[in-house]
Amino acid sequence: CFAAFAAAAAMAERFGSLRHRRSIELQRVAERYWAGRWDEAVAIVDALVAGAERHYLEWECRLWRGRIRLARGRLADALQDAETAVALASEAGDPQNLQPTRAFLARVLLAAGRGAAAAAVAEELLAGLGGGVLGPDLGVDLGVVLRGLDRPAALDGRDIPPSPWLEAARAFAGGDPLRAAAVYAAVGSRPDEADARLAAARRLAADGHVEAASAELAAARAFWTEVGAAGFLAETAAPPHG
């Protein structure tokens with residue numbers, strides 16, 4: 001998808017289509033997030049939100065910025081982005097917008113210790129998944145939420161077409177974050193891979209595999225350090241232990 005968007009951006013530039021060029025630029029915020037170019041992503045979203053422009057893709061842009069804010073320890077700001085993204089998606093009324101925004105909102109609510117509210121949002125999300133597509137913009141959020149709510153089998157029996165994103169979400173929610181990390185690595189989503197490796201480190205440490213846990217933790221910390229994810233780094237400060 002990165003190559004396709006790069007080609008589309010070149011074509012929009014060639015034909016002087018300002019509307020398509022802007023839309024592609026905002027859609028490529030996701031690319032910057034997945035690739036670890038977080039400061040670039042934040043700068044684009046900050047400019048969008050601060051300006052007078054009201055763009056349909058603001059919900060998506062706030063999703064990516066919210067994830068970055070959560071990783072950097074800015075919980076209140078992440079919650080603001082999550083709530084605004086859900087409001088914008090609800091206004092549009094498109095399930096492909098509502099699913100990822102609800103998943104992220106539930107994740108932020110869990111991080112804030114508001115489990116009941118997170119569960120309510122997750123129920124709305126799950127109610128709309130039947131017959132739908134599990135899009136890449138849900139990332140690891142859905143797996144984190146289902147695991148946190150102790151609902152590992154919530155995706156079973158749902159009419160969702162197979163995809164790496166579905167496989168990874170099921171693996172994470174089902175207690176196999178190592179498998180999820182491998183899938184995310186193959187896809188090319190570095191933040192989701194780091195999330196899964198951190199969960200794998202905790203799982204391995206709990207099972208007494210301290211050396212393997214340390215290796216997974218080091219891999220996660222390397223990425224969080226690169227992107228300045230101070231909040232997630234603080235969570236990994238203590239070495240894993242059995």
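## Salt bridges

The structure holds 23 salt bridges, a salt bridge being a side-chain nitrogen of Lys or Arg within 4 Å of a carboxyl oxygen of Asp or Glu. This is a predicted model, in which local features need pLDDT of at least 70 and side-chain atom pairs count only at pLDDT 80 or more, while totals for chains, interfaces and linings use all residues. Residues are numbered from 1 along each chain as its sequence is written, and side-chain values use heavy atoms, with hydrogens and water left out.

One of the salt bridges joins Asp46 to Arg65, with 2.7 Å between the closest N and O atoms. This pair links distant parts of the chain, since Asp46 belongs to helix H4 (residues 38-50) and Arg65 to helix H5, 19 residues apart; helices here are DSSP runs of H or I with at least four residues, numbered from the N terminus. Asp46 counts as partly exposed at 33% relative accessibility, whereas Arg65, at 6%, counts as buried. The terms follow relative accessible area, with buried under 20%, exposed over 50% and partly exposed in between (1.4 Å probe, protein chains only). Both residues also belong to a network of salt bridges that links Asp46, Arg54, Glu58, Arg62, Arg65, Arg69 and Asp81.

A further pair consists of Glu123 and Arg151, whose closest N and O atoms are 2.1 Å apart. Glu123 lies in helix H8 (residues 115-127) and Arg151 in the loop between helix H9 (141-148) and helix H10 (164-173), so the salt bridge ties together parts that are 28 residues apart in sequence. Glu123 is partly exposed, with a relative accessible area of 42%, and Arg151 is partly exposed as well, at 28%.

## The cavity and its charged pair

The structure holds one cavity of 30 Å³ or more, and about 50 Å³ of space lies in the largest cavity. A cavity is, on a 1 Å grid over the protein atoms alone, a set of points where a 1.4 Å probe fits but cannot get out, and lining residues have an atom within 4 Å of a point. Grid points are joined across faces, edges and corners, and a volume is the space filled by probe spheres set on the points.

The lining of the largest cavity is made up of Tyr33, Trp38, Arg67, Leu70, Ala71, Phe104, Arg107, Pro191, Asp195, Trp224 and Phe232. Two or more lining residues come from each of helix H5 (58-71), helix H7 (95-111) and helix H12 (190-206), and H5 gives the largest share, three residues. By class, the lining has eight nonpolar, no polar and three charged residues (Ala, Val, Leu, Ile, Met, Phe, Trp, Tyr, Cys and Pro count as nonpolar, Asp, Glu, Lys and Arg as charged, and the others, Gly among them, as polar).

Arg107 and Asp195, which are among the lining residues, meet through their side chains in a salt bridge of 3.1 Å, N to O. This pair links distant parts of the chain, with Arg107 in helix H7 and Asp195 in helix H12, 88 residues apart. Arg107 and Asp195 are buried.

## Helices H4 and H8

The 13 residues of H4 should span 18 Å at 1.5 Å a residue, and its end C-alpha atoms are 18 Å apart, which agrees; the expected span is 1.5 Å times one less than the number of residues. In H4, Trp38, Ala41, Val42, Ile44, Val45 and Leu48 are buried. They cover an arc of only 165 degrees around the axis, which puts them on the same side of H4, where the arc is that of the directions from the helix axis to the C-beta atoms. Asp39, Ala47 and Ala50 are exposed on the other side of H4.

For H8, with 13 residues, the end C-alpha atoms are likewise 18 Å apart, in agreement with the expected 18 Å. Ala118, Val121, Ala122, Leu125 and Leu126 are buried in H8, and these buried residues fall within an arc of 140 degrees seen down the axis, so they line one face of the helix. On the other side of H8, Ala116 and Ala127 are exposed.

## Backbone details

Gly16, just after H1, takes a positive phi of about 70 degrees. Asp150 has a positive phi of about 55 degrees although it is not a glycine; Asp150 is placed in the loop between H9 and H10 and is exposed, with a relative accessible area of 63%.

Notes
1 Å grid on protein atoms, 1.4 Å probe; cavity = no way out; pocket = protein on both sides within 12 Å on 5 of 7 lines; lining within 4 Å.
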